[in-house]
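The following paragraphs concern a metal site and the enclosed space of a protein model. Please consult the sequence and the structure while reading.

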Amino acid sequence: MDAALRDILIKMPKAELHMHIEGSLEPELIFALAKRNGVTLDYPSVEALRRAYAFTDLQSFLDIYYAGASVLLKEQDFYDMTWAYLERARADNVRHAEIFFDPQTHTDRGVPFATAITGIHRALRDAEAKWGMSTGLIMCFLRHLSEEEAFATLEQAMPHRDKFIGVGLDSSERGHPPEKFARVFERCRELGLRLVAHAGEEGPPEYIRTALDLLKVERIDHGVRCLEDSGLTQRLAREKIALTVCPLSNVKLRVFDKASDHNLLKLIEAGLAVTVNSDDPAYFGGYVNDNFVQMFEVLPLEKNHAYQLARNSFSASFLDNQAKRKCLDEVDAFFEQ
Ligand code: ADE
Ligand code: ZN
């Protein structure tokens, strides 16, 4: 890739729509928070923890990811984690970030729902006030837990309804199909929440279809396996359902054997509203710009693709139309230079 294209990827204004805030905890911060809170980790050092980031599939990652989150106890811990991500995202020219958090990972350890959401939300507010970065928080239900537990989480969230814009579905995909959560998503829709779900990451294309039909989600997180089903691919293109694709995550979790096997360009060529995101940047070897740069290095992607991906990131966001237009104008102006 030439230096000019690399520069465009790094500097272009972009939105990030798929990142788990707990997945932004760098090993150094995990150790600092463990020390501050008197939590004992199973790893003797930052280096030993980082060496454990050799994943074979989604579950092997989730086991370490949930262990890493165990150092988060106080509201300030959630603030510090979120602030570190926002500073990093700002350096990557992220203008708007829609951020996932997993409340059940914390409430199941006895950390109150309010502690987690208040710390995260305070950092989001500070980024808006200080830099004009816009943000939205999306609460994810853990799909390896029951629908009843998801309903209980929604109940705990209601006093904080002003702090989040939508709900998602994450954690172990195989064996936990979308239909398990049909009723809780229906309730969320009645409440006016925006709806997304992880589907077709490790799970089959059928999970993408049921996420659309039964959960009525507006975007699919990952969705890369849709290409195995041409009817579904055509439907996603026709209905302009955005896919929040996370290339480095897919390589680290062995959805694709190597970066050059990734289907990002094929998804774009199928007419899909693709976006590029970092998922769990501290665990997968890079933030959003690293995802762009590494894909453009190994696939025949060019400037017109960069333009399309930057536009898609805002078009697929949950910004209101006026804010979306302003961001899209900024993208257009950047590419006209
Ligand atoms: N939680 C954090 N990252 C995830 C991913 N890539 N898939 C499912 N659940 C997750
Ligand atoms: Zn994810």
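A residue counts as buried under 20% relative accessible area, as exposed over 50%, and as partly exposed in between (1.4 Å probe, protein chains only). This is a predicted model in which local features need pLDDT of at least 70 and side-chain atom pairs pLDDT 80 or more, whereas totals for chains, interfaces and linings use all residues. Residues are numbered from 1 along each chain as its sequence is written, ligands are numbered from 1 in the order in which they are written, and side-chain values use heavy atoms, without hydrogens and water.

The zinc ion (ligand 2) has as protein donors His18 (NE2), His20 (NE2), His198 (NE2) and Asp279 (OD), at 2.0 to 2.2 Å. Donors are N, O and S atoms within 2.8 Å of the metal (3.2 Å for Na, K and Ca); water is not among the atoms, so sites may look incomplete. Angles among the 4 donor atoms run from 84 to 174°, and the site is irregular. Four donors would count as tetrahedral if all angles lay between 85 and 135 degrees, or as square planar if opposite donors were over 155 degrees apart and all others between 65 and 115.

The sequence spacing of the donor residues is H-x1-H-x177-H-x80-D. His198 belongs to strand E5 (residues 194-199) and Asp279 to the loop between strand E8 (273-276) and helix H14 (281-284), so this pair ties together parts 81 residues apart in sequence. Helices (H or I, at least four residues) and strands (E, at least two) are DSSP runs, numbered from the N terminus. His198 is buried, at 4% relative accessible area, and Asp279 is likewise buried, at 2%.

How values were computed:
Tetrahedral: all angles 85-135°; square planar, octahedral: opposite > 155°, others 65-115°.
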